[in-house]
Amino acid sequence: MRSDSTGRTIVVTGGAGFIGSALVRSLVRDPACRVVVMDALTYAGNLESLHTVLRFPNCSFERIDITDAAAVRRCFATYSPEIVYHLAAESHVDRSIDSPAAFIHTNVVGTYILLDAALGTWKLRSDTERAACRFIHVSTDEVFGSLGEHGKFSETTPYAPRSPYSASKAGADHLARAWHHTFGLPVIVTNCSNNFGPYQFPEKFIPVVVRAALNGDVIPVYGRGANIRDWLYVDDHVEALRCVAERGRVGGTYAFGGGNERSNLDVVTEICSILDEMHPNPKGSYDQQISFVADRPGHDFRYAVDSSLAQRELGWKPAHTFEQGLRETVEWYLQNDQWSLDVMSGAYRGERLGLGGGV
């Protein structure tokens with residue numbers, strides 16, 4: 001059993017989302033660990049992602065919006081968690097362009113409410129008990145802005161968010177650090193590169209490409225597909241987060257990247273190649289469906305993350321290559337088409353978002 005979780009109560013906010021559900025599925029394998037999933041079940045949170053673990057006796061679910069201060073306080077008072085993994089967030093850049101208010105409300109106000117509730121519970125503990133507590137605030141590399149052709153983001157990179165989404169996450173990061181430095185709450189902040197893997201909500205880049213290809217639809221690529229991202233397989237990110245709880249420095253920051261820089265066009269063509277092999281299209285290669293569309297407003301050119309600090313201090317490094325992770329991901333979507341259909345509710349119908357259609 002891992003020492004980061006044994007005998008502890010852990011709250012995972014956003015635990016029915018993509019990364020959160022992967023973390024929950026990992027944590028509940030320890031029967032001595034009590035996992036409390038806190039999720040509002042908005043369009044991107046779905047209990048289908050937790051169907052294999054919700055029946056476990058050490059897993060509880062609380063349908064709570066993190067902006068509901070009274071409900072959050074009640075949850076913390078009931079469970080008194082030692083560890084909080086804060087992953088609940090509005091996280092889609094295109095949605096933030098169309099409707100930024102929800103991002104400010106959830107990502108900034110919601111984070112404040114969680115920090116306040118965690119601080120209240122933490123203050124009631126003895127000094128020995130406090131030493132075992134952690135508030136792990138999970139953020140994104142997008143808070144650092146955009147890179148040129150060279151260099152990487154690290155824990156010391158100045159903040160320069162360029163979308164409503166990344167600006168709201170930057171604000172949340174600053175609040176988390178302020179609650180540590182001002183009030184002593186044992187906060188650790190993490191910033192990760194683009195995640196991918198099974199159970200990712202169908203509006204995200206890789207599942208959008210897979211679904212469009214299989215449906216015979218146009219596969220949209222923004223601009224000329226030259227924008228570059230560093231891809232991190234979700235299970236490797238989960239392992240990083242568990243290492244943070246076990247060995248991370250209180251008050252510290254850790255950056256996690258997969259070391260897998262790919263242009264958007266390269267990712268699309270690789271997905272098409274995998275589909276050609278696993279699910280051949282009698283009409284020809286899937287790459288014939290690729291179509292270049294108008295670029296996203298303010299589209300950051302390149303992200304890349306230097307994970308050397310995490311490797312030195314936490315002993316962590318990604319276990320999956322991009323090619324391995326992408327094959328596993330595409331295969332999962334091929335085998336779990338019903339999951340995608342189940343989560344594609346009326347709140348999202350696969351339409352193009354991020355064109356700035358309104359506030």
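**Exercise 1.** Which residues of β6 are buried on one side, and which on the other?

*Solution.* The model is a predicted one, in which local features need pLDDT of at least 70, side-chain atom pairs count only at pLDDT 80 or more, and totals for chains, interfaces and linings use all residues. Residues are numbered from 1 along each chain as its sequence is written, and side-chain values use heavy atoms, with hydrogens and water left out. Take as buried a residue under 20% relative accessible area, with a 1.4 Å probe and protein chains only. On one side of β6 the buried residues are V187, V189 and N191, and on the other I188, T190 and C192. Six of the six residues of β6 (residues 187–192) are thus buried, so the strand is largely enclosed by the rest of the structure.

**Exercise 2.** Place β6 in its sheet and identify the edge strands.

*Solution.* Two strands pair if DSSP finds at least two bridges between them. Seven strands, in the order β3-β2-β1-β4-β5-β6-β10, form an open sheet with parallel pairing. At its edges stand β3 (59–63) and β10 (253–256), each with a single partner strand, so one side of each lacks a neighbour in the sheet. Strand β5 (residues 134–140) is joined to β6 by six bridges, and F135 has V187 as its bridge partner in β6.

**Exercise 3.** Describe how α7 packs against α11.

*Solution.* Helix α7 (residues 205–215) and helix α11 (residues 322–335) pack at about 50 degrees, with axes 11 Å apart. In the contact (heavy atoms within 4.5 Å), I206, P207, V210 and L214 of α7 meet L326, T329, V330, Y333 and L334 of α11.

Definitions and conventions
Axes fitted to C-alpha atoms, helices over the stretch in contact; angles between N-to-C directions. Helix = DSSP H or I, 4+ residues; strand = E, 2+ residues; numbered from the N terminus. Buried < 20%, exposed > 50% of the residue type's maximum accessible area, 1.4 Å probe, protein only.
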